[in-house]
Amino acid sequence: MIDTQVAITAIEPSTATVSFEINGTRCELVLDTRTTLLDALREHLHLTGTKKGCDHGQCGACTVLLNGVRINSCLTLAVMHEGDKITTIEGLGTLDNLHPMQAAFIKHDGFQCGYCTPGQLCSALAVLGEIKADIPSHVTADLTVKPQATDAELRERMSGNICRCGAYSNILEAIREVAGEGA
Amino acid sequence: MKPFTFERATTPAAAAATAARTPNAKFIAGGTNLLDLMKLQIETPAHVIDLTRLDLDRIEDTSDGGLRIGALVTNTNLAAHGRVRREYGVLSRAVVAGASGQLRNKATTAGNLLQRTRCPYFYDTNQPCNKRRPGSGCAAIGGVSRQLAVIGSSEVCIATNPSDMAVAMRALDATVETLRPDGSARAIPIADFHRLPGSTPHIETALTPGELITSVTLPKPIGGKQIYRKVRDRASYAFALVSVAVVIHPDGSGRVALGGIAPKPWRVAAADAEMPRGSKAVAMQLLAGAKPTRDNTFKLRLVERTLAAVMADAKASA
């Protein structure tokens, strides 16, 4: 029954127009409606800093900031983001002017192969923002008390970013340092 | 992904009407489950209706002292809401026990209620699955079924509902509010929202074609010690083997709902009544008629032990 239904309604590829702001630059794209935000960034805008790992929201390599909030860019359609502001790793810092979180990752050896790193960095920044914004986590002991950037909180909140090199302890040190500076 | 046409909905009524008259249309909001399934061609909508610009993302007090949670409220914003944390703590706890920070920032309240099972045979399109392809059979029965249901399942499907949020909502007696394509609204008690598989495991909820969830309401707070305990194979970012949502009052009375063991959030009135008598009595009522597989019989003892742990916690912190 399901197969017949699909056969009857099968349609040609469809396109739609979308405009959003990437790292402060306005852009307008005409895209196949199936294009994820991740593929729009990498294949259409050639911002290849954002990585494709699992493409199913399990690894966090594709993490970007959407209107300041971290999301998996692989699990959202680009055409859903009309008017949105998106920040990728290319928008955080430059080689000459690293973002403090990038500098901390280097200082603490927070990566080996580097593939998950852009996602880790975007996530790490957002984690500190979420703690500051009083968003609770699974390890927050008391829901009525504002969470703090403890190691347990940072570990739990970074659990959506997988690192196959196992740089977790160094990533934690890097985030802890930046959290300390912000306090 | 199969090709699809796309439109941005302007009003809930227009979205429901379009969905009802367009063949094979799907609503999209957070997209975290739907797009995952579309990439695997498990979901193959021909038309996708984007709900994200609708005005359904607020949490408001209801006139009877409860709370109305808009369909588009993200998991993050639900868990962080002041009244939810203070007065419906089990819900906040359940939400933060699920998924990752990135996913919770996108996933919505209505989408969470509608998420599909994580049964590995549902996900593997090379395998028969009565939920994915009605009548094709069930590879999970007789397959690797450690994660799957021990109760409420049927001869044709042993998948579980993966939601944490819905388990807490079941314990809190939430109501799902919808808008139908003819413009009428209805309120569905959460107990009746998810369906047991029976012989039609592909029909998972009480929603009719085009019917749009607009909000979820919670009755006025019932107080008590509220705990959500999730037991899983790793400490974070994994689905439940067993989860327990409890509200326990100082006199030992209370409510309990279970996740990870059934095709819907599992609550049994007779089990609530046994709360003052302890975890063994409660578990016996909750699991009466259970039909575990060889792989997941362990869940029966795990339910009782998890219950014992949360009841002890409630007592210790009372």
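Biologist: Taking contact to mean heavy atoms within 4.5 Å, how many residues does the contact take from chain B and how many from chain A?

Modeller: This is a predicted model, in which local features need pLDDT of at least 70 and side-chain atom pairs count only at pLDDT 80 or more, while totals for chains, interfaces and linings use all residues. Residues are numbered from 1 along each chain as its sequence is written, chains are lettered from A and ligands numbered from 1 in the order written, and side-chain values use heavy atoms, with hydrogens and water left out. On that footing, the contact draws on both chains, with 46 residues from chain B and 51 residues from chain A.

Biologist: Which residues of chain B lose the most area to chain A?

Modeller: Buried area is the accessible area (1.4 Å probe) that two parts lose on being put together, summed over both, and for chain B and chain A it is about 4000 Å², 56% of it on carbon and sulfur atoms. Three residues of chain B together account for 18% of what that side buries, and they are B:Arg85, B:Arg93 and B:Gln102.

Biologist: Which helix supplies the largest share of the lining of the largest cavity?

Modeller: A cavity is a set of points on a 1 Å grid over the protein atoms alone where a 1.4 Å probe fits but cannot get out, lining residues having an atom within 4 Å of a point; the largest one holds about 80 Å³ of space, as filled by probe spheres set on the points, which are joined across faces, edges and corners. Its lining draws on both chains, with A:Arg70, A:Glu130 and A:Arg157 among the residues of chain A, and B:Thr76, B:Val96 and B:Arg104 among those of chain B. Helix H3 (75–80) and helix H6 (101–106) of chain B, helices being DSSP runs of H or I with at least four residues, numbered from the N terminus, each supply at least two lining residues. The largest share, three residues, comes from H6(B).

Biologist: Which residues lie nearest the centre of the second largest cavity?

Modeller: The second largest cavity has a volume of about 70 Å³, and its lining divides into ten nonpolar, two polar and one charged, where Ala, Val, Leu, Ile, Met, Phe, Trp, Tyr, Cys and Pro count as nonpolar, Asp, Glu, Lys and Arg as charged, and the others, Gly among them, as polar. Of the 13 lining residues, those nearest the centre are B:Cys119, B:Cys129, B:Cys138, B:Cys157 and B:Ala159.

Biologist: Why is strand E8 (residues 212–218) of chain B described as largely enclosed by the rest of the structure?

Modeller: Strands are DSSP runs of E with at least two residues, and two of them pair if DSSP finds at least two bridges between them. E8(B) runs antiparallel to strand E5 (residues 67–70), with four bridges, including the one between B:Leu67 and B:Leu218, and antiparallel to strand E6 (residues 175–179), with five bridges, B:Thr175 standing opposite B:Thr217. Buried means under 20% relative accessible area, exposed over 50% and partly exposed in between (1.4 Å probe, protein chains only). E8(B) is therefore called largely enclosed on the count of its buried residues, seven of the seven.

Biologist: Which strands are included in what covers the buried residues of H2(A)?

Modeller: Helix H2 (residues 37–44) of chain A is mostly covered, six of its eight residues being buried, namely A:Leu37, A:Leu38, A:Asp39, A:Ala40, A:Leu41 and A:Arg42. Just after this helix, A:His46 takes a positive phi of about 55 degrees. The cover of the buried residues includes five strands of chain A, which are E1 (15–22), E2 (25–32), E3 (63–66), E4 (69–72) and E5 (85–87).

Definitions and conventions:
Contact = heavy atoms within 4.5 Å. 1 Å grid on protein atoms, 1.4 Å probe; cavity = no way out; pocket = protein on both sides within 12 Å on 5 of 7 lines; lining within 4 Å.
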